[in-house]
Amino acid sequence: MAPKCPSENTAAVDQSSFWSSGSLHWDKHRIGWAIAGACTVVTVIISIISVFSHCRNYTSPRHQRQIIRILYMPPVYAVISFLSYRFFRDYTYYSFIEVVYEAVTLSAFLLLLIEYVADFREGDRQNLLKEKEKRRLMIPFCCFRYRPTKPYFMYAVKWSVLQYVIVRPLISLIGIICQAKGILCESEGFNAHYANVYLEAIDFVSISVALYGLLLFYGLTRTELEGKRPLAKFLCIKLIVMFTFYQSFIFSALQGRVIHATEYWTETNIADGLNALAICIEMIFFSSLMWWAYPAREYRREPGQRATGILRPLWDSINYADFAREILSSTIYLFNPKKYKAEKAQQEKEGRPPIPTFASAFNLEDSERNSRNRTHGRLSGDIPLTARYSGDRGRYEPAPVDEGRQWNEKQHVASPKMQV
């Protein structure tokens with residue numbers, strides 16, 4: 001049984017308040033509290049304006065539901081960081097809740113890129129992956145090569161990102177339980193006797209796979225996404241993650257060197273509080289950056305068209321049925337492709353109206369059909385493996401296997417040997 005962690009909080013609790021003896025009682029903690037609160041309010045206001053502008057110009061629901069989800073990231077981080085600063089004794093619980101939204105945002109960004117590709121003209125989309133040659137993976141797997149036209153590979157790329165929206169909440173839930181049981185012990189670092197090291201390792205692998213898949217997807221569609229500023233949109237998300245991670249590391253490293261315990265706050269409390277305060281301040285700039293990177297003017301309604309109501313966009317943004325649908329379809333395709341194809345065939349048989357999907361965005365059905373044709377005797381140049389040359393027409397003509405063999409024997413000519 002793992003030993004319990006030493007307490008990260010002091011036994012003494014500050015009983016004073018803002019008001020003391022008829023006057024304001026300010027100390028360093030309360031000054032930081034006021035700054036964090038003011039910055040959180042500013043961040044929320046900026047984000048409300050940005051979200052409201054999309055809600056009133058909700059002309060492309062498939063795009064904007066993902067954009068609104070991404071725009072929630074700064075206020076979510078700011079509000080949770082303010083609460084973790086105010087209730088610093090429960091900082092760990094708030095930090096676990098806060099980081100879950102990172103997974104939601106990354107998944108929403110991937111689905112937004114897929115929607116951008118899905119809006120390509122049909123003629124462009126048919127050649128989207130066909131023109132992309134076999135290429136090497138990115139570092140550190142650059143010794144391996146892949147073919148983008150393989151549907152299995154493309155579904156694996158999508159699933160590599162979406163798995164994080166499952167793994168990260170599970171890690172947070174387990175971490176909250178471990179913290180309540182006293183066996184998490186973040187202050188002990190990578191001590192193998194506590195749960196923190198194992199949760200950190202799983203989280204590191206999961207987010208590394210997600211980011212690798214996202215970068216791989218961006219590399220495949222970079223040309224097609226020109227004009228959408230995908231790099232700026234991605235940096236808005238990733239810079240938040242990088243800032244929060246590295247500044248947390250820096251404040252932790254300063255414990256015992258620059259940061260020293262006081263009567264009511266341990267070194268860990270102060271380091272966590274400084275990190276939360278910094279996040280509240282930074283979210284003002286990141287909310288402004290997102291306002292610029294995800295402008296509503298790209299979806300401005302036509303002159304004379306009535307503004308859309310705000311209830312439907314807000315509901316769409318918190319309705320994660322599309323996440324569940326995409327995760328389920330990718331999982332079924334990867335682990336039970338026959339079931340996936342059967343469901344698609346049933347959908348077509350029932351005549352259900354087609355909706356843009358990951359497969360249709362990249363024309364994966366045609367890619368798979370062509371691959372199957374090659375496997376069953378079709379060449380990349382559309383010349384059948386069993387063929388005979390017609391001198392009158394000056395081209396190869398398909399022939400059944402038996403007929404081709406008989407024709408070859410009759411003419412005493414070996415059929416051409418061709419390789420896929």
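Colleague: Which helix gives the most to the lining of the largest cavity?
Modeller: Keep in mind that this is a predicted model. The structure holds one cavity of 30 Å³ or more, and about 40 Å³ of space lies in the largest cavity. Helix 3 (73-86), helix 4 (91-118) and helix 10 each supply at least two residues of its lining. With four residues, the top contributor to that lining is helix 4.

Colleague: Thanks! Which residues line that largest cavity?
Modeller: Two or more of the lining residues come from each of helix 3, helix 4 and helix 10. The lining of the largest cavity is made by Ile80, Ser81, Ser84, Tyr91, Tyr94, Ser95, Glu98, Ala276 and Ile279.

Colleague: Let's turn to the largest pocket. Which residues are the closest to its centre?
Modeller: The largest pocket has about 1,600 Å³ of space. Of the 43 residues that line this pocket, the closest to its centre are Glu200, Asp203, Thr244, Phe245 and Ser248.

Colleague: And which helix supplies the largest share of the lining of that pocket?
Modeller: In the largest pocket, about 1,600 Å³ in volume, two or more lining residues come from each of helix 4, helix 7 (164-181), helix 8 (196-221), helix 9 (230-253) and helix 10. The largest share, eleven residues, comes from helix 9.

Colleague: Moving to the surface, which residues make the nonpolar patch of about 490 Å²?
Modeller: Helix 1 (28-56) and helix 10 (267-293) each supply at least two of the patch residues. Ile31, one of the patch residues, is found in helix 1. The full set is Trp26, Ile31, Ile35, Ile281 and Phe285.

Colleague: Is Ile31 buried, partly exposed or exposed?
Modeller: Ile31 is located in helix 1. Its relative accessible area is 43%, and the class between 20% and 50% is the partly exposed one. Ile31 is therefore partly exposed.

Colleague: Is Thr43 buried or exposed?
Modeller: Thr43 also has its place in helix 1. The C-alpha atoms of Thr43 and Val76, 33 residues apart along the chain, are separated by 9.6 Å. With a relative accessible area of 0%, Thr43 is buried.

Colleague: Which spans does UniProt list as "transmembrane region"?
Modeller: The list comes from an unreviewed UniProt entry. In the model, residues 67-87, one of the listed spans, are 90% helix and 0% strand, with end C-alpha atoms 31 Å apart. Residues 155-177, another of them, are 96% helix and 0% strand, with end C-alpha atoms 33 Å apart. The spans in the record are 31-55, 67-87, 99-118, 155-177, 197-219, 231-254 and 274-294.

Colleague: Now the backbone. What is the phi of Cys185?
Modeller: Most residues other than glycine have a negative phi. Cys185 lies in the loop between helix 7 and helix 8 and is buried at 3% relative accessibility. Its phi is positive, near 60°.

Colleague: Where is Arg229, with its positive phi of about 50°?
Modeller: Arg229 has that positive phi although it is not a glycine. Its relative accessible area is 27%, so it counts as partly exposed. Its place is the loop between helix 8 and helix 9.

Colleague: How many salt bridges does the structure hold?
Modeller: Side chains of opposite charge can pair when their charged atoms come close. One pair here is Arg62 with Glu115, whose closest N and O atoms are 2.1 Å apart. This pair links helix 2 (residues 61-71) with helix 4, across 53 residues. In total, the number of salt bridges is six.

Colleague: Which partner in the Arg62 and Glu115 pair is buried?
Modeller: Arg62 has 29% relative accessibility, so it is partly exposed. Buried means under 20%. At 15%, the buried partner is Glu115.

Colleague: Which residue in helix 12 pairs with Arg69?
Modeller: The closest N and O atoms of this salt bridge are 2.9 Å apart. One partner lies in helix 12 (residues 321-335) and Arg69 in helix 2, so parts 253 residues apart in sequence are tied together. Both partners are buried, and the residue in helix 12 is Asp322.

Colleague: Last one: which residue meets Glu326 in a salt bridge?
Modeller: The N to O distance is 2.6 Å. Glu326 lies in helix 12 and its partner in helix 6 (residues 151-162), so the pair ties together parts 168 residues apart in sequence. Both are buried, and the partner is Lys158.

Definitions and conventions:
Residues numbered from 1 in each chain as written. Predicted model: local features only at pLDDT ≥ 70, side-chain atom pairs only at ≥ 80, totals over all residues. Heavy atoms only, no water. UniProt positions renumbered as here; feature names shortened; annotations may be inferred. Patch = residues over 30% accessible without salt bridge, like charges linked within 9 Å, V, L, I, M, F, W, Y side chains within 5 Å. Areas by Shrake-Rupley, 256 points an atom, 1.4 Å probe, with all protein chains shown as cover. Salt bridge = Lys/Arg side-chain N within 4 Å of Asp/Glu carboxyl O. Buried < 20%, exposed > 50% of the residue type's maximum accessible area, 1.4 Å probe, protein only. 1 Å grid on protein atoms, 1.4 Å probe; cavity = no way out; pocket = protein on both sides within 12 Å on 5 of 7 lines; lining within 4 Å. Points joined across faces, edges and corners; volume = space filled by probe spheres on them.
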